[in-house]
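User: Please take me through the structure shown below, by question and answer.

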Amino acid sequence: MHQILKIIPVVKQIVVRFCGDSGDGMQLTGNLFSSLSAILGHEISTLPDFPAEIRAPQGTLGGVSGFQVELGSEVYTPGDKADVIVAMNAAALKVCTLGSHFNHPQAHYDDQFALYHRHAIVIVDTDSLSDKDLEKAQYHTDNPFMELEIPESVQIVPVALTTLTKEALKDFDMDNKSMLKSRNMFALGLVCWLFDEPMDEAIHLLEDKFKKKPTLIAPNTKVMVDGYNYGQNLALSIHQIHIDGQPNEAHGTYTSIAGNKATAWGLIAAAEKAGKRLFLGSYPITPATDILHELAGRKDMNVMAVQAEDEIAGVCTAIGAAFAGDLACTSTSGPGLSLKSEAIGLAVMAELPLVVIDVQRGGPSTGLPTKTEQTDLLQALYGRNGECPAVVIAASSSANCFDYAYEACRLALENMTPVILLTDTYLANGTALWRIPQLAELPAIHPQSVPEELKGKYNPALRDERGVRYWAFPGMAGYEHRNIGLERDAQRGTISTNPENHEQMVRARQAKIAQIANQIPELKVIKSPETNENSPMSNTTLLVGWGSTEGHLHAAANELNCDLAQFNYINPLPRNTREVLSKYKRIVVCELNTGQFAAYLRSQLPELRIEQYNEIQGQPFAVERIVKFVKSIVD
Amino acid sequence: MEASQFKSDQYVRFCPGCGDHAICMALQKAMAQIGIPTHQVAVISGIGCSSRMPHYLNTYGFNTIHGRGGAIATGVKTSHPELTVWQMSGDGDCLAIGGNHFIHEIRRNVDLNVCMFNNRIYGLTKGQYSPTSPKGFISKSSPFGTVERPFIPAELVLGARGTFFARTLDVDMPTTVDCFVAAQQHKGCSIVECLVNCVIFNNGTHAWIADRDQRAEHSIVLKHGEKMIFGADKDKGLAVVIDQQTFVPHIIVVPADDSRVLTHDAHQQDPTLHRLLALMGQNKVENVNADEQNDNLPIALGVIRDVEAETYEEAVNQQIASVREKSKVHTFDELTATLDTFLL
């Protein structure tokens, strides 16, 4: 997949990882570089990888913060391994080299764990390799490169980042600490040179980034430009790399957007389209909190965001707003979804529209709060008391978090049901290119209403021909009624404990969810790139995934030359699911859990033989490992 | 409006003799007196005997899940401040499972009218002790007597910075109606503790004041601006004294004509005196073995505290209005126009 950079300086895509101390500004650097790349017309996919600690001691392994981005064309993922590493200190060098094994005392470069491959370029700040730095990063010798056994094929580019940054800033009246904070801009300038990215766009971005702190613009620009120019001096030792990727995306206006922001904006767009006030009840929880942040800041858009006293109050305030006629949402992660279960059951029973966003993280319990996983699927489907069906859908890219948040609202408002939208840490914090839609081009949303002729005769059990109950809410004269979490009489809407009535109601709620299959798109298979005798897997082997793994599975399917079915709609499943899946000899369901979707598919389509590939490491898939696994079972 | 307009067509299923019947009637009377049309009123409840109340009121109603009525009512009122929102709850629903929502609706001062039915027992689950059961109380789940200290609801309300607290008694219809009307008129979170009898599982729990022949001596109905006088012969008054050693203020009973008799000021922002008044006679509430003879202070009924403060829904909606006024971004298309974009 990756070319050897020294020999072929023109590539279709490249993976860069910025890596440094939590205080080194790696997320900012990575985001600026990604935005710049996007503006220059590259596709991007990013993976922020920061430590769980707010601030670990400086220079230690626990404090290493990383930001990986893949740019170019046909970019499906942030990349398995980096082609270019920027290591701002000794600890970062170690973490990039050893990957998840960085804490093992005897560990050295290993293809399986290293975060960069054997032909990568590793730019290192040589000013940050003092004895003290090495000691803090738990090196045992004074030669980190030897100690880590970095292969000779890796091109180490030593740069005295700290010295050069100070030199760049000598004419500015700045203290040492402030000067050191700009080291990341030198690195950014250098990387821009490496990929031949023009400085004027970068400067424009910097100016925009620091527009609220204008005094920072001049020094940071100076350092970045010096970093770029320094690249010219390096030209003898490394080549510039030209990324020759024309994006596959449709024409349009684009920006780069993180999944959580896209989710929040999907809700905003849906509210406007539906003509409803957007209400969010939420309680801070990693990694979902940015949705609350974004919506709390969108008062200009008339968003009512309530930071509730707990997770339960988050969903309950939303249910109150739904009862009163708003587009009501709650955002959370796995532990919060557990706490909200009973209240989601109330919304199922009361048949109120409600959007529940679960940004999944590693579990169970507190688990891995900052890591990614797909382990809440069965909780979303079944994690409530009683027969309690809700719609479950999943976003599959940071950008389409917008579309599925919008879709969650549409399905909830039109069908009087809770809709659980599953995203995860990877989508939430990652960024991707997003083609900005106009509101007019988004699908219409017709919130369920109540016919005028029911005035004075309304009760909350009355349904339309689809089996969806009518929505009347306080303020509407002549529709006063009592809604309940108790079982209700199918005709009168009042409390009922009648046995036949209960069964009838259980089936009515189930049927209401099932008929939503008529309102969602059919499952589309992503076909293998080639179909010929040399590609035995095409048309016979199907990779199956759901949600955030789409990019990785797409890349893997391309490499394997097999087909891919990626599910965004989980309950109900697209109505052609059986028809599509039954055509394949081999079906391999790949998920970041122990096989939850596989188990669900087996329960829905018991005649199919389903194989599965699972990883549960709190990390996105590595394409390479999926490919290896599928080859191993097919051979 | 007439009380009958607020009666739903549902058969009232409280046990015969339950205090909730009286509260239900008082609510219908109070709502009629207030005169807000039925479609502008939402009554939210959790779970428990008290939480059946919405079914009997011909308004919008929502009988939700245990303890969460406060959070759901907060959502209704915050999203739609124009509605009149009531919350029906009990000592278990409000103070045990829903305790967190209860203190936070009070802290935020959401404009809700909260009727907290306090019968000091779990009735719907058939007779377990509640957070307001006195220490030593024997119930199905405390066969040897509870070892827990109970909540005194008033103390909790004031501790959460409550702006309105009233206490009433099921058998005192006029006071109950007055308290509900005052709760509705108060802008902010109004808590009305309704002392109700559970005829099945805790009969006579409030007999100390509920018995007709004892009530006048053992309770006082506080009215803003009126002297604190009580007793069958209206011969007793309340005064406050400060212990010269500890500087702790106490309320004492004095002759009604004593110049020290206090005049009730429910609008006083400082809650010190409100707390003293609300805690009168509560030693009997705290411990089943309390010596009743040692306390000659009456239990306070009526509106004890009613002070002004900004409400949550008002503040948040005002903030939205002022941000919107200053901003040029009001639609999705205007919002996306603020992004850094590029063309492909």
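Analyst: Two strands are taken to pair if DSSP finds at least two bridges between them. The model under discussion is predicted.

User: Which strands of chain A are the edge strands of the open sheet with the order E18-E20-E19-E22-E23?
Analyst: This open sheet has five strands, and its pairing is mixed. An edge strand pairs on one side only, and that holds here for strand E18 (525-526) and strand E23 (610-614) of chain A.

User: In E20(A), which residue is the bridge partner of Val525(A)?
Analyst: E18(A) is joined to strand E20 (residues 563-567) of chain A by two bridges, in the antiparallel sense. Across this pairing, the partner of Val525(A) in E20(A) is Ala565(A).

User: At about what angle to E20(A) does helix H18 of chain A run?
Analyst: Helix H18 (residues 550-560) of chain A lies across four strands of chain A, namely E18, E19 (541-546), E20 and E22 (586-591). Relative to E20(A), the direction of H18(A) is at about 170°.

User: Which strands stand at the edges of the open sheet of nine strands?
Analyst: The order of this sheet is E17(A)-E2(B)-E1(B)-E3(B)-E4(B)-E6(B)-E5(B)-E11(B)-E7(B), with mixed pairing. Two of these strands have a single partner strand each, so one side of each is left without a neighbour in the sheet. They are strand E17 (482-484) of chain A and strand E7 (219-222) of chain B.

User: By how many degrees are neighbouring strands of this sheet turned against each other on average?
Analyst: The sheet in question is the open one of nine strands, with mixed pairing. With direction ignored, the average turn between its neighbouring strands is 20°.

User: What is the bridge partner of Arg482(A) in E2(B)?
Analyst: E17(A) and strand E2 (residues 60-63) of chain B run parallel and are joined by three bridges. In E2(B), Arg482(A) has as its partner Gly61(B).

User: Which strands does helix H2 of chain B touch where it packs on the sheet?
Analyst: Helix H2 (residues 69-79) of chain B has a direction that makes about 180° with that of E3(B). The strands of chain B that H2(B) touches are E1 (41-45), E2 and E3 (84-90).

User: Which element gives the largest share of the side of chain B that touches chain A?
Analyst: The contact takes 56 residues from chain A and 49 residues from chain B. Elements of chain B that each supply at least two residues include E2, H2, helix H4 (99-108) and helix H11 (312-326). By class, this side of chain B has 21 nonpolar, 24 polar and four charged residues. The largest share, eight residues, comes from H2(B).

User: Which residue of E12(B) stands opposite Tyr254(A)?
Analyst: Strand E9 (residues 253-258) of chain A and E12(B) run antiparallel, joined by two bridges. Opposite Tyr254(A) stands Phe342(B).

User: Is H5(A) parallel or oblique to H9(A)?
Analyst: Helix H5 (residues 161-168) and helix H9 (residues 217-234) of chain A have axes 9 Å apart and pack at an angle of about 125°. Angles over 145 degrees count as roughly antiparallel and 65 to 115 as roughly perpendicular. The angle of about 125° therefore makes H5(A), with respect to H9(A), oblique.

User: Which element gives the most to the side of domain 1 of chain A that touches domain 2 of chain A?
Analyst: The domain assignment places domain 1 at 10-243 and domain 2 at 254-441 of chain A. In their contact, 12 residues of domain 1 of chain A meet 10 residues of domain 2 of chain A. Helix H1 (26-39) and strand E3 (43-49) of chain A are the elements that give two or more residues to the domain 1 side. With six residues, the most comes from E3(A).

Conventions:
Residues numbered from 1 in each chain as written. Chains lettered and ligands numbered in written order. Predicted model: local features only at pLDDT ≥ 70, side-chain atom pairs only at ≥ 80, totals over all residues. Axes fitted to C-alpha atoms, helices over the stretch in contact; angles between N-to-C directions. Contact = placed C-beta atoms within 7 Å. Nonpolar A, V, L, I, M, F, W, Y, C, P; charged D, E, K, R; others polar. Parallel < 35°, antiparallel > 145°, perpendicular 65-115°, else oblique. Domains from an automatic or database assignment.
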